[in-house]
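Subject: Handing over a structure, with notes

Dear colleague,

I am passing on the structure below, and I would be grateful if you could keep it open while you read the notes that follow it.

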Amino acid sequence: MKHSRTAMWVSAGAVAATGVVALVLLLLPGATTKPEKLESTELDLSADIGQFAQRMSAESGYTPPSSAERTAIGDAVRLVLDGKPLDAKEALAAVGYTIHKRVDTATRRSFYEVSESADRSRGWGRILIDEAATARLGVEVPHPKADLGSEQLGVGLFRQVPGSVLVIAGAHRRAAPDKQADMAHTNESVFETVHELLVQRKVPVMQLHGFRNETAPDSDVVVSAGPHLHSPYAEQTAQRLKDAGLSVCLSWVTGCEGLEATTNVQAKWVADHGGDFVHVEVSQDTRFTAEARDRVVSALARQAAGR
């Protein structure tokens, strides 16, 4: 009996000691534990993206990513799309990116944002992924500020379509030489990496641009599929816009010189690999008039929803 009691005391002491050691380890400086979930913060997405675009400079603000950096971010976005945001956070930290959970105050919808850490500014852009639904639409804004108001078209569409993934360039298109910062004309970017990932996952993509009124004075919107000019998806999208009462230039019918996306790298990638992609150019007057802008967004949302 004496030996049994001694053994019990020793066992109890060992458990207590283990607990103390664990507590000490948790309290040591730098000790961390993996969180069970991401804490969420609220923001007005429209205002936040508007401020983000306005801060861009046409003279600087972009550093090209390496192939390894592009791959790492693409792999992390894949994890988020697969419902593993915490695993993505660990992967992103190695390349100076992070993931946050946000709640848009206008819609109360929550989403994940993959973007640069607060202490980094390389202009690689932001990726917003709706938390509530499987990805069903890619919304791309390659020229924020340069195509002023195109970022608000992107926000509007993201808000209207559950399951959207919004990809916004992180720098002005002229922020670096040789079109390195022009996301529609470089395939060595985070923007392109995410684009390819979405298309590989059979997610349709709408890319939003803006043009000066005088470039196509008789049109509110110009629609193209890129190098092939038309596709069933582009034709359906154009019809939705026409049904909304908008004047639409069909690049495969009348031609819309300079706005046809024949050199757009994302369009070229889809043309080579298959997928649904539409390039939508919106006039300045239409972008800057709330009612007309809303008609564009609603028409695109109907196309995304298949109704």
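Is cysteine 249 buried or exposed? With a relative accessible area of 8%, cysteine 249 falls under the 20% limit and is therefore buried. Please bear in mind, here and in everything below, that this is a predicted model.

The disulfide

Cysteine 249 is joined to cysteine 256 by a disulfide, with an S to S distance of 1.8 Å, and the count of disulfides in the structure comes to one. Cysteine 256, at a relative accessible area of 5%, is buried. The angle about the S-S bond is -95°, and the link of cysteine 249 and cysteine 256 is left-handed.

The chain as a whole

The protein chain has 307 residues, of which 49% count as buried, and its secondary structure comes to 10 helices and 10 strands. Its accessible surface comes to about 14800 Å², and carbon and sulfur atoms account for 51% of that surface. If one takes the contacts in the protein chain with a separation of 6 or more, 73% of them are between residues 24 or more positions apart.

The sheet

It may help to trace the strands next. An open sheet is formed by 10 strands, in the order E1-E2-E3-E4-E6-E5-E7-E10-E8-E9, and the pairing in this sheet is mixed. Strand E1 (40-43) and strand E9 (248-250) stand at the edges, where each has a single partner strand, so one side of each is left without a neighbour in the sheet. From one strand to the next, the twist averages 25°.

As for the individual pairings, E2 and E3 run in the antiparallel sense and are paired over seven bridges; within this pairing, threonine 98 has serine 115 in E3 as its bridge partner. The hairpin of E2 and E3 has five residues between the strands, and in this hairpin arginine 108 takes a positive phi near 65°. E3 is also paired with E4 in the antiparallel sense, over four bridges, and there tyrosine 112 stands opposite isoleucine 129 in E4. Strand E3 is mostly covered, since seven of its seven residues are buried. By contrast with these antiparallel pairings, strand E5 (residues 137-141) and E7 pair in the parallel sense over three bridges, and glycine 138 has valine 205 in E7 as its bridge partner.

Among the helices, H3 (residues 67-81) lies across strand E2 (97-104), strand E3 (110-116), strand E4 (126-130) and strand E6 (164-168), and H3 runs at about 15° to E4.

The aromatic pairs

How many aromatic pairs does the structure hold? The structure holds two of them. In one, the rings of tyrosine 97 and tryptophan 124 have their centres 6.0 Å apart and their planes at 25°, so the pair is stacked. Tyrosine 97 lies in strand E2 and tryptophan 124 in the loop between E3 and E4, so this pair ties together parts that are 27 residues apart in sequence; both tyrosine 97 and tryptophan 124 are buried.

In the other, the rings of phenylalanine 111 and phenylalanine 158 have centres 5.6 Å apart and planes at 90°, so the pair is edge-to-face. This pair links distant parts of the chain, with phenylalanine 111 in strand E3 and phenylalanine 158 in helix H5 (residues 150-160), 47 residues apart. Both phenylalanine 111 and phenylalanine 158 are buried.

Methionine 206

A last residue to look up is methionine 206, which is found in strand E7 (residues 205-211) and which, at 0% relative accessibility, counts as buried. Leaving aside residues up to four places away in sequence, methionine 206 touches a list of residues that includes Leu137, Gly138, Val139 and Glu140, as well as Leu157, Tyr233, Thr237, Val278 and Leu300. The C-alpha atoms of methionine 206 and phenylalanine 277 are separated by 5.9 Å, although these residues are 71 residues apart along the chain.

With best wishes

Terms used
Residues are numbered from 1 along each chain as its sequence is written. This is a predicted model: local features need pLDDT of at least 70, side-chain atom pairs count only at pLDDT 80 or more; totals for chains, interfaces and linings use all residues. Side-chain values use heavy atoms; hydrogens and water are left out. Helices (H or I, at least four residues) and strands (E, at least two) are DSSP runs, numbered from the N terminus. Buried means under 20% relative accessible area, exposed over 50%, partly exposed in between (1.4 Å probe, protein chains only). Contact means heavy atoms within 4.5 Å. Accessible areas come from the Shrake-Rupley method with a 1.4 Å probe; for residues, only the protein chains shown count as cover. Two strands pair if DSSP finds at least two bridges between them. Axes are lines fitted to C-alpha atoms, for helices over the stretch in contact, and angles run from 0 to 180 degrees between N-to-C directions. A disulfide is a pair of cysteine sulfur atoms within 2.5 Å. Rings of Phe, Tyr and Trp (its six-membered ring) pair if their centres lie within 6.5 Å; planes under 30 degrees apart count as stacked, over 60 as edge-to-face and the rest as tilted.
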